[in-house]
Each structure stands twice: as structure tokens, then as C-alpha cells.
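Trainee: Could we go through this model together, checking each label against its cut-off?
Mentor: Gladly, let's take a look.

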Amino acid sequence: MSQAQDKWGNIRNFPSRGLVPPREPPHDGGMEARVAKLESTAEHMRDDVHDIKADLRSIRDSARTDFRILFGAIIAVALGLAGLMARGFHWL
């Protein structure tokens with residue numbers, strides 16, 4: 001038991017040197033420049049995401065229009081082939 005008490009006693013009496021709060025930013029003030037660079041990068045990324053969303057909206061709208069045109073063309077072809085078959089079989 002005395003060894004365990006000695007072990008925990010050493011932990012409780014750990015020296016506190018080097019734990020003084022710093023008075024200046026670390027790495028001689030370069031933190032502000034790095035944060036400014038991160039902020040500008042985040043702003044550019046936000047603009048890029050906005051552009052991507054706008055592009056996706058335009059693609060979605062054009063795809064909707066393309067689908068309507070394609071669907072109409074398929075129906076017209078199907079009706080045309082049905083008419084040709086009806087004439088070929090002398091149904092009309």
C-alpha cells in the first residue's frame with residue numbers, strides 16, 4: 001500500500017512549471033495571418049458551393065424540359081408505328 005501511496009503522491013505533487021498562461025499568441029503572431037487565410041478560403045468555398053447549386057438548378061430545369069421533349073417524341077414514334085402496323089394489317 002505504501003508503494004501505491006507513493007505513486008499517487010508523486011502524481012499529486014506534479015510540478016506546475018510551464019503551465020503559465022501565455023501573454024502573446026503562439027509562434028510570434030502568425031496565428032492571425034493563418035486565421036485570415038482560413039477565413040478567405042472558407043469564403044471562396046462558400047462561393048463555389050453557391051455556384052454549384054446554381055448549376056445544379058439549371059441542369060435540373062433543362063433535364064425536366066429534355067424529358068418532356070423526349071417523352072413526346074417516344075409517344076409520337078409509338079403512335080406512328082402503331083398506325084403503320086394498322087395499315088399493314090389492313091385494319092384501317
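**Labels and their cut-offs**

Trainee: Why is Asp61 called partly exposed?
Mentor: Asp61 has 44% relative accessibility. Buried means under 20% relative accessible area, exposed over 50%, and partly exposed in between (1.4 Å probe, protein chains only). Asp61, at 44%, therefore counts as partly exposed.

Trainee: What kind of model is this, and how are residues numbered?
Mentor: This is a predicted model, in which local features need pLDDT of at least 70 and side-chain atom pairs count only at pLDDT 80 or more, while totals for chains, interfaces and linings use all residues. Residues are numbered from 1 along each chain as its sequence is written, and side-chain values use heavy atoms, with hydrogens and water left out.

Trainee: What makes the contact of Arg64 and Asp61 a salt bridge?
Mentor: The term asks for a side-chain nitrogen of Lys or Arg within 4 Å of a carboxyl oxygen of Asp or Glu. The Arg64 and Asp61 side chains meet at 3.7 Å, N to O, so the pair fits the definition. The structure holds one salt bridge.

Trainee: Where do the two partners lie?
Mentor: Both Arg64 and Asp61 are in helix H2, three residues apart, about one turn of the helix. Helices (H or I, at least four residues) and strands (E, at least two) are DSSP runs, numbered from the N terminus. The protein has two helices and zero strands.

Trainee: How do you know that the span of H2 is close to the expected one?
Mentor: The expected span is 1.5 Å times one less than the number of residues. H2, with 58 residues, reaches 83 Å from its first C-alpha to its last, close to the expected 86 Å.

Trainee: What makes Phe67, Phe71, Ile75 and Leu79 a nonpolar surface patch?
Mentor: Patch members have over 30% relative accessible area and no salt bridge; like charges are joined within 9 Å, and nonpolar side chains (Val, Leu, Ile, Met, Phe, Trp, Tyr) within 5 Å. Ile75, one of the four, has 38% relative accessibility, so Ile75 passes the 30% mark. The patch covers about 440 Å², with areas from the Shrake-Rupley method and a 1.4 Å probe.

Trainee: Why is His90 called exposed?
Mentor: His90 has a relative accessible area of 70%, so the label exposed applies.

Trainee: What is unusual about the phi of His90?
Mentor: Most residues other than glycine have a negative phi. His90 has a positive phi of about 60° although it is not a glycine, and His90 sits in the segment after H2.
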